[in-house]
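Thank you for making time for this one. I would like to walk through a single model with you, going from the overall picture to a few individual residues.

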Amino acid sequence: MTLYDSLSRTFAGIQYVWLGISIFLLVLLLLSRTKIFRNALSQERYTKREYIIFTVIFTILGLCGTFWNFRTPGGIMTFRAVPIMLSGFIGGPIVGTITGLIVGINRIFILQTATAPINGGLSILQGIAAGLLSPQIKKHSSQRWMWALFYSIGIEIVYWLFYALLTWPYAYINTKDLLSLVVPIIVTNTPAVALFIGVLEATTRQQDSEKTETAKTAFNSANMLIQTIHDEAHGFDFSKTPRIITTALPHLIWSAIITNDNVFISTNYKNPRNQSQGDAETSILLLQKTLPSMPHLLQLRIEGKTKTICRIFASNPTDTPLSKTDKEFLNGTARIIELIHEHEELKKEKLLLQEAEIRALQAQINPHFLYNTLNTINFYVRSDPDIARNLLKYLSDYFRHTLNNPSKMILLSEEIYDITCYVELERARFSDRLQIEYRIPLEKMKKIQIPPLLLQPLVENAIIHGILKKPEGGKIIVGLHEHPHLYKIFVADTGVGIPQDKLGKLLTSHKRRDNIGLINVHQRLLSIFGEKSRLHIISRTGKGTVVYIIIPKEGEHDNTDNTAN
């Protein structure tokens, strides 16, 4: 056989084997889209089911690689080494060993040649070697295909070195024929292995990128939705939701939300065709408040406990159905809106509960205080009618203030006047035993706003449980310290103080009658101004008590009404 004939025969073999490899790679390309193969390069351990699937697939492909052969002067050219090495690189030692064992034994008995036992035995060793090298490939975070190429070339070279050694001196005598077999096999098989690993790597990278992008979009949208809560003083603003959806899913041409018969629409037209479709669909939506279900259009109804919260609509171009990812994202958005609505409802319920507690506090005015005050007024009616008239005015104003709307913010000056009314009524009974001093600038009283009944319960508590328990009485100071970003408002008394063992129990949830006012003030501060504005109590037995609260300067306003939120 001439050199030309030999080369022609060799190239014909390469073409034939590559045809088989191409079919083999096509099958593997289809398999690479499955979940088990997409995760193959990132997994180190598999389930029994996954081990069986890998073994069966690569064994079948290895057997096909043996039957798809081409005879050359140097021997039989096949591509069975490709699935054997891939079984080890992907499935690890177990899959590689079993696949190599089955395909190797098949090679021994199916293609009965003089070197069949050698080829079969070396195929088994190929599977074992590839399995042992699997961790070395998977430990790399990128360019695994390059390492697969490197290791597969190494395995093939070792394979043929052992083949030459075991077939000596035949290999030496027929060196040219052997090279005409070995070189094409290495040139065809090893790139095929690297190519499939590269495809898997690219698929995994694309999947990770899609997951990252989806997660990023979801988090950004959730952040925008949640941020809406903080931006709006009156609760969640549904009008912003469509813009958030079209921003997160830019391929949508429009989205809308319907709540309380209000329709909010955000459009994202990219061409006149989009606009024509979008205008038609949104016009129907505005008229009928609904649209029929279609592959490119999704309608989601968000239900509350007692009524429908809202309905979300999203539309793609008519020739582009909504993907599973789009639907999952929109369902996730609906769930977030549902949770936000529940949060808003819970907040309203909490405010209503607090208001009810304040109403209860207002209704629980100590009957002894009222009885004693009326007796005192009755006494002054006879002895000093002018004082009696003043006391009646104080009592009237005090009751009027305590019946204020609990959710409405008031000026600090109004709260101070209520304290003055209360203290003057008590001073009418106890005279010089009770002294009070205000250390708050007048201009601050007219600017700072606080919830009603915030300081009066503190003053009442100081009088009843502090000052009046001392025979000589004492003094109360209501004051204010200004800081760069907040005000500290305090009520200090020179009463008997609070024992340390009782100090830590004053603000517990067990609302005894003698501390319900303190607990109520404490919880309202937490709800309205946050943790930093909680009630702070400092006391020394026999010396007195200081109770202070922190009001952020956002609570300072020009003389206007505001709602506590």
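I will begin with the whole chain, then take two helix pairs, the nonpolar cores, and finally some backbone details.

Please keep in mind throughout that this is a predicted model. The secondary structure of the protein comes to 18 helices and 13 strands, and of its 565 residues, 46% count as buried. If we take the contacts with a sequence separation of 6 or more, 68% of them are accounted for by residues that lie 24 or more positions apart.

Let me turn to the helix pairs, starting with H3 and H4. Helix H3 covers residues 48-67 and helix H4 covers residues 81-110, and their axes come within 8 Å and cross at roughly 45°. An angle under 35 degrees would count as roughly parallel and one of 65 to 115 as roughly perpendicular, so H3 is oblique to H4. The crossing in which H3 passes H4 is right-handed, and sorted by class, the contact between H3 and H4 has 15 nonpolar, 8 polar and 1 charged residues.

One residue of H3 that I would like to single out is Thr-59. Is Thr-59 buried or exposed? With a relative accessible area of 8%, Thr-59 is buried. Setting aside the neighbours within four places in sequence, Thr-59 is in contact with Thr-99, Ile-102 and Val-103.

The second pair is helix H5, residues 116-138, with helix H6, residues 144-166, and here the axes are 10 Å apart and the packing angle is about 155°. Since angles over 145 degrees count as roughly antiparallel, H5 and H6 are therefore roughly antiparallel to each other. H5, too, passes its partner H6 in a right-handed crossing. On the H5 side, the residues making the contact include Ile-118, Leu-122, Ala-129, Leu-133 and Ile-137, while on the H6 side they include Trp-147, Tyr-151, Ile-155, Tyr-159 and Phe-162. By class, this contact of H5 with H6 has 14 nonpolar, 4 polar and 3 charged residues.

Just beyond this pair there is a backbone feature to look at. The peptide bond from Trp-168 to Pro-169 is cis, with omega near 10°, and Pro-169 sits in the loop between H6 and helix H7, which spans 170-173.

Now to the interior. In soluble globular proteins, nonpolar side chains tend to be buried together. In this model, the largest nonpolar core has 47 residues, and those with the most contacts inside it are Leu-412, Ile-450, Leu-455 and Ile-476. Among the elements that each supply at least two residues of this core are helices H12 (367-383), H13 (385-402) and H14 (412-430), together with strands S10 (474-482), S11 (486-493) and S13 (544-552). Which helix gives the most to this core? That is H14, with 7 residues. A second, separate core has 30 residues and includes Ile-36, Leu-61, Leu-86 and Ile-90.

If we look at Leu-455 and leave out residues up to four places away in sequence, we find that Leu-455 touches Leu-412, Glu-415, Ile-416, Ile-419, Ile-450, Ile-489 and Ile-549.

Another residue to consider is Ile-537, which is found in strand S12, residues 536-540. Ile-537 has a relative accessibility of 19%, and because buried means under 20%, Ile-537 counts as buried. Again not counting residues up to four places away in sequence, Ile-537 touches Ile-498, Leu-503, Leu-506, Leu-507, Thr-545, Val-546 and Val-547. For one of these partners, Leu-506, the separation from Ile-537 is 31 residues in sequence and 9.3 Å in space, C-alpha to C-alpha.

I will finish with two positive phi values, both in loops. Ser-431, a residue other than glycine, has phi near 55° and lies in the loop between H14 and strand S8, residues 434-439. Leu-453, not a glycine either, has a positive phi of about 55° and is found in the loop between strand S9, residues 449-450, and H16. What is the relative accessible area of Ser-431? The value is 41%, and Ser-431 is partly exposed, whereas Leu-453, at 4% relative accessibility, counts as buried.

Notes
Residues numbered from 1 in each chain as written. Predicted model: local features only at pLDDT ≥ 70, side-chain atom pairs only at ≥ 80, totals over all residues. Heavy atoms only, no water. Axes fitted to C-alpha atoms, helices over the stretch in contact; angles between N-to-C directions. Helix = DSSP H or I, 4+ residues; strand = E, 2+ residues; numbered from the N terminus. Left-handed = near helix turned anticlockwise from the far one by under 90°. Contact = heavy atoms within 4.5 Å. Nonpolar A, V, L, I, M, F, W, Y, C, P; charged D, E, K, R; others polar. Buried < 20%, exposed > 50% of the residue type's maximum accessible area, 1.4 Å probe, protein only. Core = buried A, V, L, I, M, F, W, Y, C linked by side-chain atoms within 4.5 Å.
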